[in-house]
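Me: I'm new to this one. Can you walk me through it while I ask questions?
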Amino acid sequence: MSTIIQLPKEHVENFFASISDAIVFFHKELCPHCKNMEKVLEKFSAKHPSVELYSVDSEAHPELLKKLSIERVPTLAFIRNGEVIKVHTGLMNPRELKAFYASL
Amino acid sequence: MPRKNIKNVLFIMLDTLQFNYLGCYGNKEVKTPNLDKFAEKGFLFENAYSEGLPTIPVRRALMTGRFTLPYSGWRPLTTEDTTITDMLWCREVQTALVYDTPPMRLPKYGYSRGFDYVRFCNGHELDHETFSNIHLDDKFKGEDFLSPEWLKKNADGEYDESSKSLIRETECYLRQRQNWQSDADNYASVVISEADSWIKEKRDPNRPFFLWLDSFDPHEPWDPPSVWEERPCPYNPDYKGNPLLIAPWTEIDGVMTEEECEHIRALYAEKVTLVDKWLGKLFDSLKAQGLWEKTMIVVTSDHGQPMGNDEHGHGLMRKCRPWPYEELVHVPLLAHVPGLEGGKRIDSFVQNVDITATILDALGLTESHALEETGHEGINTFDADDLQGMSLLPLMRGEVDKIRDFAIAGYYGMSWSIISHDYSYIHWLQREIDTDSMNKIFYDGSGSGGNAGEQSAKLEVKEEMWTCVPGAEVSVPQSDELYDRRSDPFQLTNIIDDNPEKAKEMLQKLKLYIGELRTT
């Protein structure tokens, strides 16, 4: 179970339409890489409180994975003004995540 | 402020010193009285492991205090790497590197950077070409120092390329050894004497010092005194064949005999004894100069060496495959710490990156504020958060019993392993690779001078390594290996098929830890 707040149902239903700036973290219960990625996201979040952070259990939401063509986790979906502007699969360290976010 | 009683640090790296060739690690035949005494009065780490193999990644781990295995392999230092000499820049401590380890010497690689004093001693393996133009006395022939069985001729009656290469390398050593006078001429003797000379005559006696002595011995060529004195090797006196100065990088099967492997190990053991003898002289010199009680001394190695079948090398001669078995990755680690009562054998797992943190701790530089105060205003050299190693001083002081529950080891992009007290586990990213490809891809063609990390930099760890598939079971690759470390420390009987749950647990733990390092 991720300690990051689960993506509220309304965002699942309207496919992020009302989100202005967020990172959605797709993870899997027994995935060791997801556990590490979660720590990186927590560090990132502490320094970027204005960016909303949500988690999605990938095995509970196959429809979202399909919509975003996500095959593996951890995957981050970056949302701006209701649009998914970037999807990234794999690990990043805090420095890489910071640079990735800044490049969007 | 340096730790109480510790003014100086002497770090001694003995390349390719396999732990179980030392008396203090249980060897009953090889004579190593000086290191045994050093261990008896100081600290011996029973479970020390190098993480990323071999020579160059180990040096990077030691210079930076950071793991290399999740990040990169055989490559130069870059400006992203903060080394111990960066951290010691503009401080009271003077730094010196006295070495004969050729892969560290290649200027493009940058592994000698930042030391106040640098002295390289020529001629060891990879630097042997330095002497290729010296006249070789007619009585010395390369063929007489190799096994005739390894030298193959083509249809024209000429030696093939690999045979020529072996003979050429051997003759470079002979060019250096044709005027051999005594064991003071051996590589280890020369580099250790140079270190002693710096301590005695060249350093500033008023300032503390950090000296990194990097001896490529007992790495091959296997050229201990008995070879030059034309007497039997003391550890294999009945051997009748040629001395075996060097051997091909190869799988043993069909290429070398058991007798040849045994003789190579005997010559290697004689080199270990020689290294021990000259270290004894250095220790005596430090005592005579009144430095013993002011100087922390750490002795370790980067790895062992495959030299035969089973526990001697899993069927390999030299590091021609990325196989992180016990005989390669388990290293000796000994320390003398002024002011601490020694005579302790420490059971905790430790990794080579911990040595860097220990050295900084001894010099009083672990607190982040001390590290942040480096150099002139406005020039930051070091981010204290970057160190991954942990100081071993609390273990030696007896304040804690352990700092790690397990160790990791492997070759970047090729193999990962995890070693705990009960089990060891190997996860292969690429197990089978032929010798030429291994040399080209991993070692960057270092035998031909190296090309500054371009090849190995391309050896990317695929992104899938860091991901899982939703809905899929946690699976253990069929090629992975699990061993009972208590009954089978040298990893000879793979028990993975009978222990799928334990294998899964070890693989998960390994991936979790390597991923944690990857993200810090």
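Me: What phi does G65(B) take just after helix 2 of chain B?
Reply: A positive one, about 70°. Helices here are DSSP runs of H or I with at least four residues, strands are E runs of at least two, and both are numbered from the N terminus. The model is predicted, so local features need pLDDT of at least 70, side-chain atom pairs count only at pLDDT 80 or more, and totals for chains, interfaces and linings use all residues. Residues are numbered from 1 along each chain as its sequence is written, chains are lettered from A and ligands numbered from 1 in the order in which they are written, and side-chain values use heavy atoms, with hydrogens and water left out.

Me: And helix 2 of chain B, how many of its residues are buried?
Reply: Ten of the ten, residues 55-64, so the helix is largely enclosed by the rest of the structure. Buried means under 20% relative accessible area, exposed means over 50%, and partly exposed is in between (1.4 Å probe, protein chains only). R59(B) and R60(B) are among the buried residues.

Me: What do they pack against?
Reply: In chain B, the buried residues of helix 2 pack against strand 1 (8-14), helix 3 (84-87), helix 4 (102-105), strand 5 (209-215) and helix 10 (353-362). Contact here means heavy atoms within 4.5 Å.

Me: Switching to loops. Where is D183(B)?
Reply: In chain B, in the loop between helix 5 (161-177) and helix 6 (187-202). D183(B) counts as buried because its relative accessibility is 15%. Not counting residues up to four places away in sequence, D183(B) touches S189(B), P225(B), L274(B), K277(B) and W278(B).

Me: Y325(B), buried or exposed?
Reply: Buried, with a relative accessible area of 4%. Y325(B) is in the loop between strand 9 (316-317) and helix 9 (326-329) of chain B. Leaving aside neighbours within four places in sequence, its contacts include H314(B), W428(B) and E481(B).

Me: How many Å apart are Y325(B) and R345(B) in space?
Reply: 23 Å, C-alpha to C-alpha, with their positions 20 residues apart in sequence.

Me: Now chain A. Which strand holds V24(A)?
Reply: Strand 1 of chain A, residues 21-27. V24(A) is buried, at 0% relative accessible area. Its C-alpha is 6.5 Å from that of F78(A), although the two are 54 residues apart along the chain. Outside its neighbours within four places in sequence, V24(A) has contacts including L7(A), F16(A), Y54(A) and V56(A).

Me: How many residues are in contact between chain A and chain B?
Reply: 25 residues of chain A with 21 of chain B. The area buried between them is about 1900 Å², and carbon and sulfur atoms give 55% of that. In chain A, H33(A), R72(A) and L91(A) lose the most area to chain B, together 30% of what that side buries. Buried area is the accessible area (1.4 Å probe) that two parts lose on being put together, summed over both.

Me: What is the count of salt bridges between the chains?
Reply: Three, between chain A and chain B. A salt bridge is a side-chain nitrogen of Lys or Arg within 4 Å of a carboxyl oxygen of Asp or Glu. The side chains of E516(B) and K39(A) meet in a salt bridge at 3.8 Å, N to O.
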